[in-house]
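Biologist: I want every label on this model justified. Give me the value, then the rule, then the verdict.

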Amino acid sequence: MWLAHRGRRLAGVSQASVRKGGDGRLTAAIDPHDQGPQDACGVFGVWAPGEDVSKLSYYGLYALQHRGQESAGIAVSNGRQILVYKDMGLVSQVFDESTLESLKGHLAVGHCRYSTTGASTWHNAQPTFHPTETGSIALAHNGNLINTADLAEMLLAEELTATLDLRLPETSNDTSVVTRLLAHHPGQTVEERARDLLPQIQGAFSFIWMDEHTLYAARDPQGIRPLVLGRLERGWVVASETAALDIVGASFVREIEPGELIAIDEDGVRAQRFAEAAPKGCLFEFVYLARPDTIISGQRVHSVRVEIGRKLAKAFPADADLVIPVPESGVPSAIGYAEASGIPYGTGLVKNAYVGRTFIQPSQTIRQLGIRLKLNPLRDVIAGKRLVVVDDSIVRGNTQRALIRMLREAGAAEVHVRISSPPVKWPCFYGIDFATRAELIANGLTTEQICSSIGADSLGYIELDDLIESTEVPREDLCRACFDGEYPIELPDPTRLGKALLEVPVSNTALPVYNNP
């Protein structure tokens with residue numbers, strides 16, 4: 001917990017020492033080596049005098065929990081000071097009624113994290129906080145930067161001439177570097193400093209931050225990660241997805257444009273451009289990352305996924321008795337497949353909703369149960385049936401292999417797998433934690449070989465063109481890098497990329513970052 005007043009830290013207490021939280025590790029519910037694509041983060045900001053902004057933030061983050069499950073935090077300002085409370089674990093594990101009651105103010109920034117740069121530790125939880133010469137700032141980030149090494153070196157150069165200590169020990173994420181750079185703005189306002197700094201940041205970023213009086217938000221020129229603006233009766237909300245607006249009763253106003261910086265205070269909303277827009281929204285948001293009730297680029301994600309299923313049915317028909325989804329992400333496309341094929345839709349797998357995240361690591365005996373910890377077949381439904389099983393993606397193939405084996409043991413006569421994304425062949429450097437390229441099953445095997453490897457009777461992936469057509473977004477406005485290897489932002493040397501980049505020096509020059517203990 002950080003308490004800041006007039007730019008000076010008055011108290012700094014690790015919440016882990018106050019009350020025990022989780023360890024931040026994802027469970028091995030299905031396979032410890034095949035967790036599938038992991039989201040980057042969810043961000044939420046609210047400016048609403050007279051409202052209970054901490055509880056609004058709590059429910060906003062609750063709606064965004066799918067985007068990150070390692071840690072959660074909320075920063076609140078009452079106009080004089082910023083209080084930050086964060087811990088490892090789910091939103092519902094980190095916050096309780098008494099904690100939220102202690103976070104009083106008129107504006108807030110919240111975050112739920114999945115780590116892409118920097119280890120999963122309390123110190124790397126967000127929002128990040130730093131004092132400035134005139135106050136303090138707290139910042140939350142969704143995405144992943146690709147020039148973090150350059151920014152860290154810039155920070156070192158600025159630190160040498162700074163009267164303010166820009167260091168924040170024991171952090172190793174890209175967000176902390178940006179926070180410290182924003183904090184150093186002699187002779188400038190926070191807004192002026194942001195206007196100068198943002199054009200120098202490369203990669204995917206949807207930033208929401210605040211000082212004691214103003215809420216800010218900015219989106220990278222490519223708009224890779226979503227960010228939306230909403231209106232409350234007595235204020236404004238900024239969030240990763242429209243679903244978070246819905247849960248707090250905010251009306252959707254518009255998406256924050258790529259390359260746009262907005263500021264919200266008692267004078268209203270100000271918007272300005274810090275870079276020309278070059279839209280490259282993440283295509284995988286439509287496939288898996290975003291909630292189905294979210295709207296992206298004017299399209300309801302659920303409707304897009306249903307259309308993907310329809311196209312899958314036309315491109316890869318199957319002589320089958322029942323279409324079943326792999327819950328939950330496979331549900332809309334399975335509905336579309338059943339609708340277009342005329343094959344009945346059914347529930348063949350029951351998901352345990354509470355096993356996807358736990359701080360109790362399973363014993364070896366329990367771990368051997370594998371996928372049964374999360375999914376269990378309805379034997380009476382699938383026994384003797386020829387099944388079409390619809391899933392969102394295949395990463396390493398371990399999950400699908402175990403699933404198909406389980407379905408056959410339950411009596412399935414045939415298992416035809418249909419995937420609502422093209423083969424994932426390339427890693428993401430913009431905020432999705434895929435496996436390395438060498439580990440991606442589609443990178444080394446043909447579709448026929450993958451089908452044989454996972455034990456399916458047939459396998460069909462949606463074609464990239466069909467997927468793009470389903471979104472109704474122009475091809476040139478989408479980032480498709482994980483499918484076709486065409487990265488919209490030029491990547492630096494591989495030695496200047498990676499999750500542990502700031503945990504060791506990126507050059508012979510020592511950087512203003514510190515190893516975690």
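Biologist: Why is glutamate 260 called buried?

Modeller: Its relative accessibility is 8%. Buried means under 20% relative accessible area, exposed means over 50%, and partly exposed lies in between (1.4 Å probe, protein chains only). So glutamate 260 counts as buried.

Biologist: What am I looking at, and how is it filtered?

Modeller: This is a predicted model, in which local features need pLDDT of at least 70 and side-chain atom pairs pLDDT 80 or more, while totals for chains, interfaces and linings use all residues. Numbering starts from 1 along each chain as its sequence is written, and side-chain values use heavy atoms, without hydrogens or water.

Biologist: What makes the pair of glutamate 260 and arginine 254 a salt bridge?

Modeller: Their N to O distance is 2.8 Å. The rule asks for a side-chain nitrogen of Lys or Arg within 4 Å of a carboxyl oxygen of Asp or Glu. The pair passes, so it is a salt bridge. Arginine 254, at 27% relative accessibility, is partly exposed. The rule gives 23 salt bridges in total.

Biologist: How do you know that aspartate 321 and arginine 386 form one?

Modeller: Their closest N and O atoms are 2.8 Å apart. That meets the salt-bridge rule. The two residues are 65 residues apart and link distant parts of the chain. Aspartate 321 is in the loop between helix H10 (301–315) and strand E19 (322–325), and arginine 386 is in strand E22 (residues 386–391). Helices here are DSSP runs of H or I with at least four residues, strands are runs of E with at least two, and both are numbered from the N terminus. Aspartate 321 has a relative accessible area of 28% and arginine 386 has 25%. Both values fall in the partly exposed range.

Biologist: What makes arginine 475 and aspartate 465 a bridge, and which parts does the pair tie together?

Modeller: The closest N and O atoms are 2.6 Å apart, and the pair forms a salt bridge. Arginine 475 lies in the loop between helix H17 (464–471) and strand E25 (478–479), with aspartate 465 in H17, so the parts tied together are 10 residues apart in sequence. Elsewhere, Glu307, Arg310, Lys311, Glu339 and Glu469 are joined into one network through bridges that share partners.

Biologist: How do you know that there are zero disulfides?

Modeller: A disulfide needs two cysteine sulfur atoms within 2.5 Å. The sulfur of cysteine 428 is 6.2 Å from its closest cysteine sulfur, in cysteine 282, so that pair is too far apart for a bond. Cysteine 482 has its closest cysteine sulfur in cysteine 282 too, at 6.4 Å, again too far. The structure holds zero disulfides. Cysteine 428 is buried at 18% relative accessibility, and cysteine 482 is buried at 8%.

Biologist: Why is threonine 214 called buried, and what does it touch?

Modeller: Its relative accessible area is 7%, so it is buried. Threonine 214 sits in the loop between strand E9 (203–210) and strand E10 (215–219). Contact means heavy atoms within 4.5 Å. Leaving out residues up to four places away in sequence, threonine 214 touches Leu107, Trp209, Ala263, Ile264, Asp265 and Arg270.

Biologist: How well does the length of H14 fit a helix?

Modeller: H14 (residues 398–409) has 12 residues and reaches 17 Å from first to last C-alpha. The expected span is 1.5 Å times one less than the number of residues. That gives 16 Å, and the model is close to it. Buried residues in H14 include Leu403, Ile404 and Leu407. Glycine 411 follows H14, with a positive phi near 110 degrees.

Biologist: What makes serine 297 and glutamate 472 stand out in phi?

Modeller: Most residues other than glycine have a negative phi, and most peptide bonds are trans. Serine 297 has a positive phi of about 50 degrees. Glutamate 472 has a positive phi near 60 degrees. Glutamate 472 is in the loop between H17 and E25. At 61% relative accessibility, glutamate 472 is exposed, whereas serine 297 is partly exposed at 40%.

Biologist: Which peptide bonds are cis?

Modeller: Among them are two bonds. Glutamine 126 to proline 127 is cis, with omega about 5 degrees. Proline 327 to glutamate 328 is cis too, with omega near 0 degrees.
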